[in-house]
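Please open the structure in your viewer and keep the selection tool at hand. The tour begins with one pair of strands and then widens to the whole chain.

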Amino acid sequence: MRWRLGLRALCVAAAAMVCGSAVGQDIADADFSVEPAAGSSSFWSPLFDTRISKRRAFDFLSGGMPDRLMYFGGVDASHWSLGAYGGLQWAPAGLNKDGFILRFYMSENLERYTTGTRSDYTQISRATLLPGYLMRSGNLEVQFLAGLDMEADYFFHDQRRSRLRTTAGARGTMDIWWEPTRELMLQYALSGTTIDNGYTTRVAAGWRMFDLFWIGPEAALSNDYFSQQTRIGGHLTGLRTGPYEWSFAAGHVQDNFERQGVYARFGMVIRPPRAPFFEN
């Protein structure tokens with residue numbers, strides 16, 4: 001037993017040394033210089049400058065190293081709902097290379113509907129398994145995924161469960177990330193399912209701040225057989241602390257039941273930093 005533990009410890013130490021030396025070499029060989037833009041040197045000129053011929057060593061706002069696996073999760077809340085989600089994405093060729101990807105996603109949501117005489121809650125459990133393909137072209141990254149979607153709905157009336165519904169269907173998802181300049185980003189996501197003919201779409205724009213994160217406006221729309229919801233707010237995306245990448249959002253939400261209020265969301269992605277995404 002002791003020799004087995006010793007052998008395992010030796011393997012772990014060797015792997016850590018190899019990984020550490022590889023990362024150190026990448027940082028040492030990287031070029032940190034950025035050529036200034038020609039012409040105007042005003043405060044606003046870098047925002048629309050696309051003439052950057054060299055790239056920085058690490059762009060913490062653009063994702064992860066060529067790892068094959070990343071994890072993500074978060075919490076979403078509004079005046080009448082609370083939800084949590086988590087999952088992982090596997091890319092055999094590397095997360096920053098074209099090729100096959102596989103995403104597993106789970107979520108749990110609690111929705112509240114109240115009137116003057118009754119109180120109804122719906123607990124929604126979802127799980128999806130989505131194979132897909134990642135494509136990159138210049139400063140544009142697009143992911144297409146489609147696969148199995150499963151859902152279980154628990155309906156509660158006056159805090160007592162009245163019925164359970166389980167369904168399965170197909171889901172398709174598209175994610176787009178584009179950096180037209182080094183200082184600007186655009187993000188778009190669309191996801192639809194055959195369960196209750198539901199879909200969700202979100203669009204966001206961001207301005208790079210202090211080389212630490214993106215900040216800007218966002219808008220989202222979700223719709224299915226039962227309800228429709230619209231969100232308009234702001235987001236902070238890509239704030240890194242070690243291997244963790246954080247995002248936050250908040251704003252105004254309203255639905256077709258004439259309810260309105262405030263929503264808030266935070267998310268986390270676990271992946272190490274990589275070489276910069278923006279390059280000309």
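Begin by selecting residues 69-78, strand E1, together with residues 81-90, strand E2: they pair in the antiparallel sense over ten bridges. Strands here are DSSP runs (E, at least two residues), and helices are runs of H or I with at least four residues, both numbered from the N terminus. Two strands count as paired if DSSP finds at least two bridges between them. The model is predicted: local features need pLDDT of at least 70, side-chain atom pairs count only at pLDDT 80 or more, and totals for chains, interfaces and linings use all residues. Residues are numbered from 1 along each chain as its sequence is written, and side-chain values use heavy atoms, with hydrogens and water left out.

Next, select Asp76; which residue in E2 is its bridge partner? The partner is Gly83. Two residues lie between E1 and E2, which form a hairpin.

Now add residues 99-114, strand E3, which pairs with E2 in the antiparallel sense over ten bridges. Within this pair, select Gln89 and find Arg103 of E3 opposite.

Finally, display the entire protein. One helix and twelve strands are present, and, from the N terminus on, the helix is followed by the strands. Colour the 280 residues by burial: 36% are buried, where buried means under 20% relative accessible area (1.4 Å probe, protein chains only). With the surface shown, about 16,100 Å² is exposed, and carbon and sulfur atoms supply 64% of it; accessible areas come from the Shrake-Rupley method with a 1.4 Å probe, and for residues only the protein chains shown count as cover.

Key. Buried means under 20% relative accessible area, exposed over 50%, partly exposed in between (1.4 Å probe, protein chains only).
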